[in-house]
Amino acid sequence: MKNNSSLMRKSHFLGTKIRNLRKRNNLTMEDLSARCIRVDAESAPSVSYLSMIERGKRVPSAGMLAVIAAVFQKEVDWFLDDAPEAHAITPVKGTRGGISGMALEPSFLFSNEILQIAIPEMLSQTGISGRQFAHLLIRAHQEHHQNHFPDLERAAEEVGQKRMPLSLDDLLDITASLGLKVNWFDQAPQVIKKEANATDEHIITSYFELPNHIYVNKLLEKHTNRLKYDLAVHIGHCVLHNKDGLKSIMVAGRSHGTSLGDVSINSSNSSSVDPQDILHAWRDFESSFFAGALLCPKVPFRQLLDRHGYEIDVAKKIGVSPSVAMRRMTAVSPYRYWHYFDAYSPGKLKAVYRGNGIPLPWGNMRQVEDPCQHWAVFRMINAQSTGSSAQLSILDVAKEPKIYCCESIRVKDLAGNPHVLCAGIDLNPAIEAQGGDADAIARELKQLCVDNHGSAPLPSGLKSDIKRVAKILNINWVERGMDSEARLICSRGASCPREPSCYANGQCAG
């Protein structure tokens, strides 16, 4: 039996291992404490003491650890640092989205005080600004909750009364009822451009100014859908944040927008993390989400999508932009495993959402010259077609192939910059829900593509299996994706699955 001094030196992963074992077995702390009592009442931890053990605030005695080990049928040594098995110390996120979490262990190195020192240093050395880090935090929060924000949905429904579509006159009536006044401008003042960090590639489309004035670019008179979205965002700021000042500046172009919008925040590109920057970034995210919920209320929009098989052109039926409609798909669909990208040439992701944890085809922290050109979102950037394009893709995730399908559309922003919007789903959970072996199907499809230099038509058997899933999901473009060849894709810098490798000469073959 280990003595207590030995436990002290080898207990850095102990709390996380116990917590993850407990959660993987669907036990509450009360359940675990009760089971320990049944093993040995004298050595069993109380609920409060167990909580402190899991948080790294206390180290159990040798006898107490032996009782916990007996409950989980583990050896005592398994809980100590000598056996830091990855699956034992990685947080389990269940069916929630986003990339896998990392264990913040040993806890003494991941204390608030140490992180407050280390994060700014990390940002400084990697060239990530405090503003970008704020957006990353928000995106992680959004993906963890899989775009489920019922309080924002309710707030939008109270204002819009679940009406769909909302006309421009409807939105102007709402702004007037809130005491907001709409003013028009030809050129945004320099102070506003500076506030938004806008360049010649950007257009200031609107901004709010205390006490109650919304200033709108006259260009939007010819772009009703964008005008409606801007007004909806400003309504969100008014309803949610009580008109909190000159922070809601709407920008079109290759900006560093939030995950679900085109709101620019007042912050420098410094690597320092300003709490006010994060607060305003969060408020802008909430207002952008509110705008989508106001224009596309959850239940009516889901019913519309169901009737039309999740086609992107439903946006035209309710007078919203394709980007608003595609982003709302990820929030209202009963299927939770979605992703959404907004990509600019040559390799810049302006907006990202990954409710299914799909690895990024590069990121939105910096622009790159050579993203994997087989991703639909980048493959279409230089295409001349403005129609939609469905693609079935196979991508290695944690060294195992996974099947994805997406629909992409090439559009132009108000500044005239072409970019590609892409909404997609992870097909693996849907296949498994119907009793299929998603891993086996993905491996078979990957091998077919490898044997055919990176892409291959689906065999009739696989096509039939996936088509059945597509009909259950009621997503038309999944069926269309099967009419073209499936493609191998990868994250740049990872091991290219193609033979020969696209990166044999240092560049990806398009």
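**View 1. Strands β6 and β7 run antiparallel in this predicted model.** Here β6 (residues 338-344) pairs with β7 over six bridges, in the antiparallel sense. To get from β6 to β7, the chain passes through a hairpin of three residues. If you want a landmark in the pairing, look for Ala343, which stands opposite Leu349 in β7. And how much of β7 is buried? Strand β7 covers residues 348-354, and seven of its seven residues are buried.

**View 2. Helix α19 puts its buried residues on one face.** This one takes in residues 438-451, the 14 residues of α19. At 1.5 Å a residue the helix should span 20 Å, and its end C-alpha atoms do sit 20 Å apart, so expectation and model agree. Which residues of α19 are buried? They are Ala438, Ile441, Ala442, Leu445, Cys449 and Val450. Look down the helix axis and these buried residues fall within an arc of 165 degrees, so they line one face of α19. The general background is that an α-helix has 3.6 residues a turn, so residues three or four places apart point the same way. Just past the end of α19, check out His453: its phi is positive, at about 65 degrees.

**View 3. Cys406 and Cys422 come up short of a disulfide.** What keeps Cys406 from bonding to Cys422? The closest cysteine sulfur to that of Cys406 belongs to Cys422, but at 3.8 Å it's too far away for a bond, because a disulfide needs the two sulfur atoms within 2.5 Å. By that rule, the count of disulfides is zero. Cys406 is also buried, with a relative accessible area of 8%. Another cysteine to look up is Cys238, which counts as buried at 11% relative accessibility.

**View 4. Confidence drops around strand β5.** Taken over the chain, pLDDT averages 85, and 85% of the residues score at least 70. Which elements mark the two ends of the range? Strand β5 (residues 263-264) has the lowest mean pLDDT of the chain's elements, at 48, while helix α10 (residues 168-177) has the highest, at 98. Over residues 256-261, pLDDT stays under 50, and the model gives this stretch 28 contacts beyond four places in sequence. Residues 263-267 stay under 50 too, with 27 such contacts. A word of caution for this view: where pLDDT is low, the predicted coordinates shouldn't be read in detail.

How values were computed:
Residues numbered from 1 in each chain as written. Predicted model: local features only at pLDDT ≥ 70, side-chain atom pairs only at ≥ 80, totals over all residues. Heavy atoms only, no water. Helix = DSSP H or I, 4+ residues; strand = E, 2+ residues; numbered from the N terminus. Expected span 1.5 Å × (residues − 1). Buried < 20%, exposed > 50% of the residue type's maximum accessible area, 1.4 Å probe, protein only. Arc of directions from axis to C-beta. Pairing = 2+ DSSP bridges. pLDDT = per-residue confidence, 0-100. Contact = heavy atoms within 4.5 Å.
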